[in-house]
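Trainee: I am new to this structure and would like a careful look at a single part of it. Could you take me through that part slowly, with each term explained as it comes up?

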Amino acid sequence: MSGVQAPERPLQATRPAQAVGLWRTVGALLRKELLVELRTLESVPAMSLFAVTTFVVFHFALNRNSVEGDLAAGILWVTLLFAAILGVNRLFVADADQGGFDAFLLAPVDRSAMFIAKALTLLAFLVVLELVAVPAFALLLLGAPLGPALPGLLASLALGDLGVAVIGTLVAAMAVQTRARDLLGPLLGLPLFVPIVIGGARAISPLLVQAHPAAPAARWLLTLGLYDLVFGLIAYALFDFLLED
Amino acid sequence: MSAAALEVEGLSRHYGERDALSDVSLSLAAGQTLVVFGPNGAGKTTLLRVLATLLRPHAGSVRVLGASLPGEAWAVRGRVGLLGHEPLLYRELTARENLRFHARLYGIGEERVRELLDAVAMTGRASEPLRTLSRGMVQRVAVARAVLHDPELLLLDEPHSNLDPAAIELVAPLIGAGAGTDPRRTRVICSHDPTGGLAEADVVLGLRAGRPALLRAAVDVDHDEIAELYR
């Protein structure tokens, strides 16, 4: 290594380490997560491409000009769920493979920050996915314009995304510490995601009936909200233990 | 006699059926340097990871900087710097981005990041992703990461691996004896280099198959005893 020169003055730390607040830590982690994704483009493009490809396959496999009601809602939610699993599987890979876990555990920070930051990261990935997938779904599979259904659809997607982000983060943290992480993530996650798919699909099904679209089913939106809350609390309580040796 | 920075009594740690560390006891005063020798798989890295609070001891008692592990591990975090086999850096981020990220976790300002990039002669390459840098350059950034928060206890696992002689000289002010703001900085170094290791050590620990085979003041240890650990 030629051309390396020692610094002219001895190195002294300018200030000691200090405890960092939860939300500042979340901010630092979130920033890092988004930067890594922007550099690698490993998750969001794969998720979006998977969703669009699946809609194309459905478009030809069903051999129908359009779908509506339960079928449409089911296709949308199942496709989004499987696309989300691609992101869930990648969520902690860089941390596990490149020592990010250890570095984080050495720092004097609240460990819950990692759970919050990872869940927010996954949530952001899901939002971008849906910005691509929902228009593609409308174009390829829906007969009627999506406009009137949009507010109800957004409410259902928001509640469903929250649940997927929370449960996906919990499951990904468990799976990444095992050798069979690519298999274990979906295996652990799918049973927990099923209620979200059921709730999400039932909530938007009335919106997607072409003849007489109705309001989203409030009962299912409420169910989704409660499910999110319960799993949010469980994940928040468990996450510290998952990071422990 | 200074207060003990490390007090380890009967430490054991296993992975499944295999004992990685067995009945290790030692004491190290603040400001001293412990150098750990031993062949591959002797338990050196496991010892460092226990002291860093990353692994729980399975038996025995461990006190690091006055805090009992694992119960008071929270009191140690932020006071320990670890330079292990892995650089603990993200390959897709640049050296500057990596150090900024760690600085934020420790509540440290940008000035320290600039200072350390300069210290490890990486300012000119600080905007390139780590995956494009040589191993030696990544190791220099890893050294900067380990001392970013001026830790009271430095845990160094073969710190000179991948570094050429010029780079070893370069990082000496950061991880050498007397580095840091606190003249009593304590160090634990895993090494395979008897000459360099003995020159740094106040106390020498030799491990063989997870068990202590040698524990003595460095002045009382000769090269042959260290060579014997590897036979």
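In which sense do strand 7 and strand 8 of chain B pair, and over how many bridges?

Mentor: Before answering, I should say that this is a predicted model, in which local features need pLDDT of at least 70 and side-chain atom pairs count only at pLDDT 80 or more, while totals for chains, interfaces and linings use all residues. Residues are numbered from 1 along each chain as its sequence is written, and chains are lettered from A and ligands numbered from 1 in the order in which they are written.

Strand 7 (residues 153–157) and strand 8 of chain B pair in the parallel sense, over five bridges; here strands are DSSP runs of E with at least two residues, helices are runs of H or I with at least four, and both are numbered from the N terminus. Two strands count as paired if DSSP finds at least two bridges between them. Strand 8 of chain B also pairs with strand 3 (residues 33–37) of chain B, again in the parallel sense, over four bridges. Ile189(B) appears in both pairings, as the bridge partner of Leu156(B) and as that of Val35(B).

Strand 8 of chain B covers residues 186–190, and because five of its five residues are buried, this strand is largely enclosed by the rest of the structure. A residue is called buried if 20 or more other C-beta atoms lie within 10 Å of its own, exposed if 12 or fewer do, and partly exposed in between, with the C-beta atoms placed from the backbone. In a regular strand the side chains alternate between the two faces of the sheet. In strand 8 of chain B, Thr186(B), Val188(B) and Cys190(B) point one way, whereas Arg187(B) and Ile189(B) point the other way, and all are buried.

Strand 7 of chain B leads us on to helix 4 of chain B, since the buried residues of that helix pack against strand 7, and also against strand 6 (80–83), helix 2 (95–105), helix 3 (110–119) and helix 5 (165–175) of chain B. Contact, for two residues, is taken to be C-beta atoms, placed from the backbone, that lie within 7 Å. Helix 4 of chain B runs over residues 135–147, and 11 of its 13 residues are buried, so this helix too is largely enclosed by the rest of the structure. The buried residues of helix 4 of chain B include Met137(B), Arg140(B) and Val147(B).
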